[in-house]
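Here is a short walk through a two-chain model, written for someone who likes to check geometry by eye. Have the viewer open and follow along.

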Amino acid sequence: MGLSRNAFGLAAGGFEAVAVLLTVVTALAAAILILAHRIGPRRHGAAKEDTYESGMEPIGDTRRRFNVRFYLVAVLYLVFAAELVFLYPWAVLFPRLTAAANAPEPHSAQRLLEAGATPAALLVAVGVFLALLLVGFIYEWRRGVFKWN
Amino acid sequence: MPPHPISLSALLPELILLVAGCAVLLLGVATTAHRRRLAPWVTLLALVTAVVVVLFEVLITGRATRPPAAGSGLFYGSLATFVRIAALELGVLLVLVNWSAGREEERGEFLALLLFALTGLLLVAPADNLWLLFLAVELVSIPTYVLVVLSRSNAAALEAGTKYFYLGALSAAVFAYGLSFLYGVSGTASLAATTRAVVLALRDPNSLQGGLAMVGIVLSLGGLLFKIAAVPLHFYVADVYQGASSPVAGLLGFVPKLAGLIAIFKIIALTGFWDTENRAVYWLLWLLAVASMTVGNVLALRQTNIKRLLAYSGVAHAGYMLVGVLAGPLAGKALATDGVSILGNGPAAVLFYIVIYGLANLGAFAVLGLLRTRGGPCETLRDVAGLLRREPGLALLLALAMFTLMGLPPTPGFWGKFALFGSALTASRLTGDTWLIVLVIIAVLNSALAAAYYLRVIAAVLLYENDQPAYAAPREAQSIGALLCGFLILIFTFYPSGLMRAGQHATRELSEPRATAARTESPVASAVDPPFASP
């Protein structure tokens with residue numbers, strides 16, 4: 001019973017479709033590689049062997065030093081991107097949950113309510129999340145990450 | 001009926017640590033030096049408060065379990081209480097030993113990360129859901145990578161931290177990959193439901209489901225072997241221990257190991273291994289245990305740097321602990337002895353052993369961290385030679401820690417090995433499995449082999465002469481931490497039964513057969529635990 005359907009959405013033992021897919025994907029990839037190798041034209045020339053075949057001309061080596069501050073910018077970007085990624089579904093869900101909590105008849109978000117996700121709990125949860133991010137933000141500010149000189 | 005809301009009071013110790021971690025992080029960047037110096041005190045206060053909260057709850061309510069909060073993915077059983085008390089009490093020692101770790105201006109970060117790692121450790125035991133288990137284990141691991149780098153300001157620490165981070169990230173990926181297979185087999189993340197599905201799938205190992213479940217188990221165990229530093233994922237351990245400062249190396253011997261072992265218990269329990277004989281899992285664990293102790297001991301024999309020596313001895317100790325995992329919690333129950341004997345309960349022996357190992361390891365590293373020789377840190381056998389003359393207290397403490405790691409009677413290390421190997425023998429008597437006896441013989445031979453290198457340290461400290469012996473740095477908190485480690489080892493020498501009984505209670509939830517759909521959302525059997533801390 002518990003195994004009749006699994007997370008792949010397939011009936012137990014019903015992995016034939018996956019096998020077919022794998023075979024087709026492998027065959028197709030191999031065919032493309034072999035064909036490109038066999039029938040592709042081979043031309044050489046100064047323009048062809050450039051770094052960017054039809055783009056800008058490279059200026060100097062790629063292996064050069066760059067400022068370690070970019071690392072902090074990347075970390076900051078991650079902090080705010082993660083914040084956004086979590087806030088977006090929350091913002092979509094919150095009004096629907098509030099509507100479900102107030103609606104007399106069953107609502108599309110009813111199952112979430114039954115799982116214990118009341119609007120108040122959700123508000124507290126997102127508040128805790130923002131507070132934790134705020135701690136990180138204050139820490140970075142105090143460490144002088146935002147000064148660029 | 002509306003379900004219980006997620007009960008925040010159940011999470012009080014974790015919340016205390018989390019809030020204190022944030023506070024310490026901000027104190028570390030405070031403008032005045034006076035406030036910055038508060039950070040270790042706040043850390044210590046938070047840990048002591050959390051210990052008091054946990055003990056108070058156990059003593060007042062007289063039970064170590066809580067009704068689970070629906071949908072929270074957390075199950076507060078007796079195992080969680082044991083891990084809480086062990087982690088918080090060793091956490092106090094860790095803070096004392098690491099009181100002045102790293103650079104002064106980075107101490108806030110250091111202590112905050114220590115608190116976050118301990119929060120993760122507290123969450124590993126109650127995690128009742130595959131994703132929470134993963135997150136909790138990673139919450140332990142990720143701060144430890146940074147702790148290694150922060151602990152010293154030299155290139156060796158950076159190198160150690162980088163190695164530890166990249167290999168740790170790889171192991172986390174392997175662990176998550178394994179969990180995804182288990183999720184694929186069961187279709188749910190809840191551990192109880194996954195147990196049922198995995199046990200059912202493993203009944204026919206040749207089926208696709210069985211194969212996928214086995215891949216999931218092997219991969220997730222593989223990721224966790226990194227955390228406990230067992231063969232074949234032990235390669236990082238010596239370099240990391242050597243690069244980190246000694247007190248942080250002591251931390252690495254306990255915090256990630258306990259988290260990894262608890263997670264291994266949970267993954268092994270998923271297969272129903274302790275109820276149903278699963279030969280594949282059995283041989284996997286058997287070989288890992290033998291390889292870990294042999295490789296660890298042989299590599300440790302050749303070390304002259306005590307930190308590397310202790311690192312490889314940690315690999316060997318991970319092997320000894322896998323013997324207890326293999327023995328399982330059920331043998332003693334089935335034999336129906338007096339009911340309190342630890343000799344039939346492998347996981348209880350493992351819990352006893354990891355606490356003792358953590359204490360002795362931390363004690364040894366705390367002493368090394370306190371010692372200075374020719375202005376530098378004290379790391380090699382030559383550095384500690386002749387310590388008895390100059391610093392008799394620390395020399396005896398180091399010797400005590402080494403004797404405990406060696407397993408010399410009557411130190412608690414002996415009681416731990418006795419319980420581990422005894423549980424394996426009991427299990428073999430029950431199942432008639434001679435390979436378990438072979439395993440115990442190999443383990444005992446390994447313990448004898450290990451004595452060789454522990455005795456080299458002891459001999460250097462107590463017997464050798466040195467014209468420039470190491471001297472102790474004047475660090476009060478670190479000295480107190482080291483002394484407390486020695487004191488606790490002495491207590492467990494004369495009174496091991498308290499901790500053993502605690503381990504027995506803790507593993508009660510493991511010895512209930514979960515595979516037969518017996519475990520639902522509200523476990524009844526474990527709700528009648530006697531008081532955890534009763535003597």
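## Helix pairs and the core

In chain B, α20(B) packs against helix α21 (residues 434–462) at an angle of about 160°, and their axes are 8 Å apart. That angle makes α20(B) roughly antiparallel to α21(B). The crossing, where α20(B) passes α21(B), is left-handed. Keep in mind throughout that this is a predicted model.

Which residues make this contact between α20(B) and α21(B)? From α20(B) come K417(B), F421(B), A424(B), L425(B), A427(B) and S428(B). They meet T434(B), L436(B), I437(B), L439(B), V440(B), A443(B), V444(B) and S447(B) in α21(B).

While you're looking at α20(B), a quick check on its length is worth doing. The helix covers residues 412–431 of chain B, and at 1.5 Å a residue its 20 residues should span 28 Å. The end C-alpha atoms are 29 Å apart, which agrees with that expectation. Right after α20(B) comes G432(B), and its phi is positive, near 70°.

A second pair to rotate into view is α16(B) and α19(B). Their axes come within 9 Å and cross at roughly 150°. This makes α16(B) roughly antiparallel to α19(B). Here too the crossing is described as left-handed. On the α16(B) side, the contact uses I356(B), A360(B), N361(B), G363(B), A364(B), V367(B) and L370(B). The α19(B) side supplies L394(B), L397(B), L398(B), A401(B), M402(B), T404(B) and L405(B).

Here are the two pairs side by side:

| Helix pair | Angle | Axis distance | Crossing |
|---|---|---|---|
| α20(B) and α21(B) | about 160° | 8 Å | left-handed |
| α16(B) and α19(B) | roughly 150° | within 9 Å | left-handed |

Now for the core. The largest nonpolar core has 199 residues, and those with the most contacts inside it are V83(B), L121(B), V124(B), V323(B) and M402(B). Helix α16 (residues 346–370) of chain B gives the most to this core, with 19 residues. M402(B) also turns up in the α19(B) half of the helix contact with α16(B).

What does L121(B) touch, leaving aside its neighbours within four places in sequence? The list is V83(B), A87(B), V140(B), V255(B), L258(B) and A259(B). V83(B) on that list is itself among the core residues with the most contacts.

## Loops of chain B

Chain B has 24 helices and three strands, and the loops between helices hold a few backbone details to inspect. Take the loop between α9 (208–228) and α10 (237–243), where P232(B) has its place. A cis peptide bond joins V231(B) and P232(B), with omega about 5°. A229(B) is found in that loop between α9 and α10 as well. Its phi is positive, about 60°, although A229(B) is not a glycine. Is A229(B) buried or exposed? A229(B) is buried, because 28 other C-beta atoms lie within 10 Å.

There is another cis peptide bond from P409(B) to P410(B), with omega near 5°. P410(B) lies in the loop between α19 (392–406) and α20 of chain B.

A385(B) sits in the loop between α17 (381–384) and α18 (387–390). With 22 other C-beta atoms within 10 Å, A385(B) counts as buried. Not counting residues up to four places away in sequence, A385(B) touches A460(B), Y464(B) and N466(B). A385(B) and F82(B) are 303 residues apart along the chain, and their C-alpha atoms are separated by 39 Å.

## The two chains overall

Of the 535 residues of chain B, 59% count as buried. In chain A, buried residues make up 3% of the 149 residues. Among contacts with a separation of 6 or more, residues 24 or more positions apart account for 79% in chain B and for 34% in chain A.

Chain A has four helices and zero strands, following the pattern α-α-α-α along the sequence. Where in chain A is G55(A)? G55(A) lies in the loop between α1 (16–39) and α2 (69–102). G55(A) is exposed, with 8 other C-beta atoms within 10 Å. From G55(A) to A82(A) it is 27 residues in sequence and 34 Å in space, C-alpha to C-alpha.

Conventions
Residues numbered from 1 in each chain as written. Chains lettered and ligands numbered in written order. Predicted model: local features only at pLDDT ≥ 70, side-chain atom pairs only at ≥ 80, totals over all residues. Helix = DSSP H or I, 4+ residues; strand = E, 2+ residues; numbered from the N terminus. Buried ≥ 20, exposed ≤ 12 C-beta atoms within 10 Å, placed from the backbone. Contact = placed C-beta atoms within 7 Å. Core = buried A, V, L, I, M, F, W, Y, C linked by C-beta atoms within 7 Å. Expected span 1.5 Å × (residues − 1). Axes fitted to C-alpha atoms, helices over the stretch in contact; angles between N-to-C directions. Parallel < 35°, antiparallel > 145°, perpendicular 65-115°, else oblique. Left-handed = near helix turned anticlockwise from the far one by under 90°.
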